[in-house]
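Student: I should like to understand how the terms used for a protein structure are justified. May I put some questions about the reasoning behind them?

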Amino acid sequence: MNMTPEEREGIIGEFLAESTEHLQLINDKLLEAESLVKEGQKVPDADLDAMFRSAHTIKGTASFMGLTKVVGLTHEAETILQRIKEHKMEITLEAIEILFDGFDVLESLLNDLKDSNQELTDIEESVKRIKALLEGDAVAPVASSETKGETESTLPPVESTEKQEASQEPLPAKSVEMPEVSSAKEEETNISEAEIKNATYISKSNINEKYLQQYLVELEQNIEDFNAQLLNLEEDNSKVDLINNLFRIMHTIKGSAGIVGVLEIQSLAHSMENILGVCREKGKTYENMFTLLFMGIDVIKELYDSLKTTQTVNKDVTQLCKELEKYYKEIINENSSPDKQDVLVKNEEASAAMTEPGLSTDQDIKRISTTIDISQFSKEERKSAEDLYKEGDQFYQIFIQIEGSCPTKSMKAFLLEEHLRKLGTILKISPLFESISDEMNSEILIGIVYASKEKDDKIKSSLSVEGVNLLSFDLMADELFSSTPEKKESDTMIKENSKPVEVGAAVQQTDVGKEVAARAKTSSVEISTIRIDSQKLDKLMNLSGELVIVRAQYARLVTLFNDSLTEQKELLRILSDIRTKYETFTGEYKRIASRNGNKRKQDEKMNELMESLSSRLAYLEMTTAKSNVMGHIHTLDETTISLGKLSSDIQTGVMQTRMMPIEGVFTRFKRIVRDIAKQVEKDVSLEIEGEDTELDKKIVDSLGDPLTHMIRNAVDHGIEDPETRVKKGKVRNGTVYLKASHQGNNICIEVGDDGKGLDPVAIAQSALKKGIIAEDQIDKMTEKEKLNLVFMPGFSTAAQVTGLSGRGVGMDVVKSMITSVNGVVDIETEVDKGTRFLMKIPLTLAIIQALLVVVGAETYAIPLESVTEIIKTRDEDIYSIDGNDTVKLRDHALSLVELEKVIKIKGTDRSQQKELKVVVISDGESQIGVAVDSLIGEEEIVIKSLSNHFTEVKGVTGASILGDGTIALILDPVAIIQESR
Amino acid sequence: MSKRILVVDDAPIIRLMLSDILKFNNYEVVGEGCNGQEGVDKYKELKPDLVTMDIVMPEKDGIQAMTEILEFDKNAKVVMVTAIDQRESLMKAIRAGATDYIIKPFEQDRVLSAIKKAFGEA
């Protein structure tokens, strides 16, 4: 089977995923088997069977992939498993050990394939051992470190120690803080040193690769949202509700970064979140914060890019974090006393305040905790206890321990207090949660005297909390309270203090709850979405494309069957012919025989023969007529039709899943326009329309860069500076607009501005100067052709090359990118009114309607989009202009080319043909007639990309497999038109 | 029968990790919610044995969601999953009736311990 490298890679990915699962299964079963063997028990046949099947599957797939080492090794392992399964061999610990070793080597082979697409690990040793076992020889002991050592040694030593450190020391509780760097040294570091440091920056992050991809998907969305909302907020400071959103987004970025282990993003996000936290609290924004926050999110984007491409972080964010922290301190100090020196993060303040003097050592706490005694109750405490006793409460003495490793001890203590309060009354607790510091590393003992009417099980379970151990839970003796005097004051006091507040809060919450619930009713109809790796969709798309091909093959089968049906009819006809001839023959024979009655013996023999012949003929007729081929073909035909309908439904469905709104691309331009306008000191606003227009994800992705370029151009070159605009009588503020809309199977995207417009003459002159065109060409050019010169490589109209545009990435790149997604670009412009770039792009890339034509011995597909009409022309209608064949098509002259001359293939001599078949194609600007040998018809074809070797071949964009299995090259109308000039 | 758990968090990655941890340890993750409102709706629909609930979420925060869940089922077990610097919110959540909480970034052991303790299994 021939595969393109992409296909192979995709299949290897599948293979790896599948095999890893099988390996997992085998390893699990082997472990079970090992313990069973150790205990002298029998390993279940089902388990052996499962292992064998898994190994067998790996081998099968690997042999399909041509992975010789995997096949070789798995084959041996499979043989052992098979023998054991068939009870031809005993399953010993030794055999299990050898199998473990073999599968370890297999695993390392799979890792090789994952990393480098090659089988690197040596399998010889392992195979040898397995073979020795099979032959019943003494087996060399397994050197367990051998294979593992090999793979590990490829890692740079720095990284491995790095990883070890990180794994020994899980993220510290306050990991969001920047690693402490000696500040004096840091400030001395000059830029070049810092740069060098950046270049060789080794991240402290211990990234959890398993979840990285998922995180990146999420991060990308969050970055986009953050940018959009921050921009929105900058435009309108009064939208304070946006601060909440921004805070939340940043909070999510931080949280997930912490989980995945990207310390850099976590630190940055923390610093940014702090700033936003101040804004949220004070309900206002600060002027300078936007630049800093934009800077921050940009760096996060950079980190995102780096993570996406290299799975590592190569940027030191310490400096930026410091700046953000500094700014944070500035704004938080703004309203508070200026002489307050070290402003701590709010929660640090809180926790610092919680540490009571005198409670700092563990002994103290233990002393206080263990000395809880009813005899030490104050008068009031005793009173309240009395009343509770009378109400029928049970009294308990409880000791709880909070684990030393718990990062949030005071909060756990608070949780316990709250849980207890919900079920009863805490008469005494020591230490109070407020006095517990999270910083203490030792365990904390809390003593409680508690009264409750609830069952003790319920109380106990309320104390069942992570990080907390219940040490003792004792019912206190009743006598304790019997002798104390009665008074009710304290009881009512407690009730007054707690209950009304609670009730009030509850009422409020229910109101809010109702409101939200009402809102939820309307919003519950919303369609829920899931995120899917786009590669999976690509694959699905390819598969649905394959389905189209299979359908076409079936359709062809039906035709073939129909042909054989005709043959069958012919056969029947011949049979009946034979029958007639036979009847005539027998009649004739009998007549002759009766005439010469003397030859009896021969007569008998002849009769016998005739009877036998007759019966066989009858049988033949019967079977041929009886076979219901026609009916079967009819059914097949119908099935093929429904298959066709299904496959096209699936295709549409899959295509729709790939559709995403262009919004994602559009929103980022707000930011870009803002940045550029600021840089070139112009007033420019961006108007966006149709951002909910949907198109194929692949196209959305490829639109980003060309659109960015056009938008930059529009702001930088298109829009005049404010003074000039005012002089021209225009509004000071320039507008750039971006529109998207659907038009049939295409999407139209428009980038425009109300700037100075393009001047065709100036463009032509500029192109002349740059040597892109010759002087004599200019006169022949239409205005449009002159305008289109901006798409030529090496063109730039700006008199002044600014830092923004004119970097050599010109409109030619834009055009080629649009063309690469089968789109066309058109320019409309008017001097001093503005410029519009119109792009027309097909909705999807994978499947197109095409016209199939034949030239020479080959079939070609021309995208139907670019076919305007098909004409027949007679030889005498063709005349020559400038040596080019031309025909008159209605009132226009149409250049005629022969396809074979453009794509340089062997064609047919058409000089003898009276009539030429001509397909008229267009690239949106000009038309051309392509002469072909014959036309097959319209068909839906699936585009298969050609490998990179073919990028130089002009005029061909891809290939497609047709129903009969032949391959048709897909022609590129744009290139053909260009080439024929 | 394994205990049924609903995971509510606006970050897909956290949902994924929690689900992985839980599933791997023989809990059944009956559903996921990506905001508070979904959390409430799914609770009512699925009636899980326990909910892990993020605090800072769009649409409806975890505290409000938990409050509504508790109104619906006063015995609901809700374990908050929150960042360490959300002290104020966490205290609010505890007051409102959270069963326990886990601090992000979390370790598998802590998650499991919190769940087990909530079920009274340890």
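**Reasoning from values to terms**

Tutor: Chain B has a mean pLDDT of 90, and 99% of its residues reach 70 or more. This is a predicted model, and the predictor gives the complex an ipTM of 0.88 and a pTM of 0.38.

Student: Why is A:Gly644 called buried?

Tutor: The term buried requires a relative accessible area under 20%. A:Gly644 has a value of 13%, and therefore it is called buried. This glycine is found in helix α24 of chain A, which covers residues 629–658. The C-alpha atom of A:Gly644 is separated by 5.8 Å from that of A:Arg551, although the two residues are 93 apart along the chain.

Student: What term applies to each of two cysteines, A:Cys406 and B:Cys34?

Tutor: A:Cys406 has a relative accessible area of 2%, so it is buried. B:Cys34 has 29%, which lies between the limits of 20% and 50%, so the term is partly exposed.

Student: How many disulfides are counted over all chains?

Tutor: The count is zero over all chains. A disulfide would need a pair of cysteine sulfur atoms within 2.5 Å.

Student: How do you know which strands stand at the edges of the sheet in chain B?

Tutor: The order of this open sheet of five strands is β2-β1-β3-β4-β5 in chain B, and the pairing is parallel. Strands β2 (28–33) and β5 (100–104) of chain B each have a single partner strand, so one side of each is left without a neighbour in the sheet. Neighbouring strands of this sheet are turned by 20 degrees against each other on average, direction ignored.

Student: What makes β1 and β3 of chain B a pair?

Tutor: Two strands pair if there are at least two bridges between them. Strand β1 (residues 4–8) and strand β3 (residues 50–54) of chain B are joined over four bridges, in the parallel sense, so the requirement is met. Within β3(B), B:Thr52 stands opposite B:Val7. Helix α3 (residues 62–72) of chain B lies across β3 and β4 (78–83) of chain B, and runs at about 155 degrees to β3(B).

Student: Why are B:Asn26 and B:Glu59 called exposed?

Tutor: Exposed means a relative accessible area over 50%. B:Asn26 has 61%, so the term applies; B:Glu59 has 53%, so the term applies to that residue also. B:Asn26 is found in the loop between α1 (12–24) and β2 of chain B, while B:Glu59 is placed in the loop between β3 and α3 of chain B. B:Asn26 has a positive phi of about 65 degrees although it is not a glycine. B:Glu59, likewise not a glycine, has a positive phi of about 70 degrees.

Student: Which peptide bond is cis, with omega near -10 degrees?

Tutor: It is the bond from B:Lys104 to B:Pro105. B:Pro105 has its place in the loop between β5 and α5 (108–118) of chain B.

Student: What is the order of the open sheet of six strands in chain A, and which strands stand at its edges?

Tutor: The order is β20-β12-β13-β23-β22-β21 in chain A, with mixed pairing. Strands β20 (934–942) and β21 (944–945) of chain A stand at the edges, because each has a single partner strand and one side of each is left without a neighbour in the sheet. Helix α22 (residues 534–595) of chain A packs on this sheet, touching β12 (847–855), β20, β21 and β22 (956–961) of chain A, and its direction makes about 145 degrees with that of β20(A).

Student: How do you know that β13 and β23 of chain A pair?

Tutor: The requirement is at least two bridges. Strand β13 (residues 858–863) and strand β23 (residues 967–971) of chain A have two bridges, in the parallel sense, so they qualify. A:Tyr860 has A:Leu969 in β23(A) as its bridge partner.

Student: What joins β16 to β17 in chain A, and in which sense do these strands run?

Tutor: Four bridges join strand β16 (residues 884–889) to strand β17 (residues 892–898) of chain A, and the strands run antiparallel. A:Val887 stands opposite A:Leu894 in β17(A). The hairpin of β16(A) and β17(A) has two residues between the strands, and there A:Arg890 takes a positive phi near 50 degrees.

Terms used
Residues are numbered from 1 along each chain as its sequence is written. Chains are lettered from A and ligands numbered from 1 in the order in which they are written. This is a predicted model: local features need pLDDT of at least 70, side-chain atom pairs count only at pLDDT 80 or more; totals for chains, interfaces and linings use all residues. Side-chain values use heavy atoms; hydrogens and water are left out. Contact means heavy atoms within 4.5 Å. Axes are lines fitted to C-alpha atoms, for helices over the stretch in contact, and angles run from 0 to 180 degrees between N-to-C directions. pLDDT is the predictor's confidence in each residue, from 0 to 100. Buried means under 20% relative accessible area, exposed over 50%, partly exposed in between (1.4 Å probe, protein chains only).
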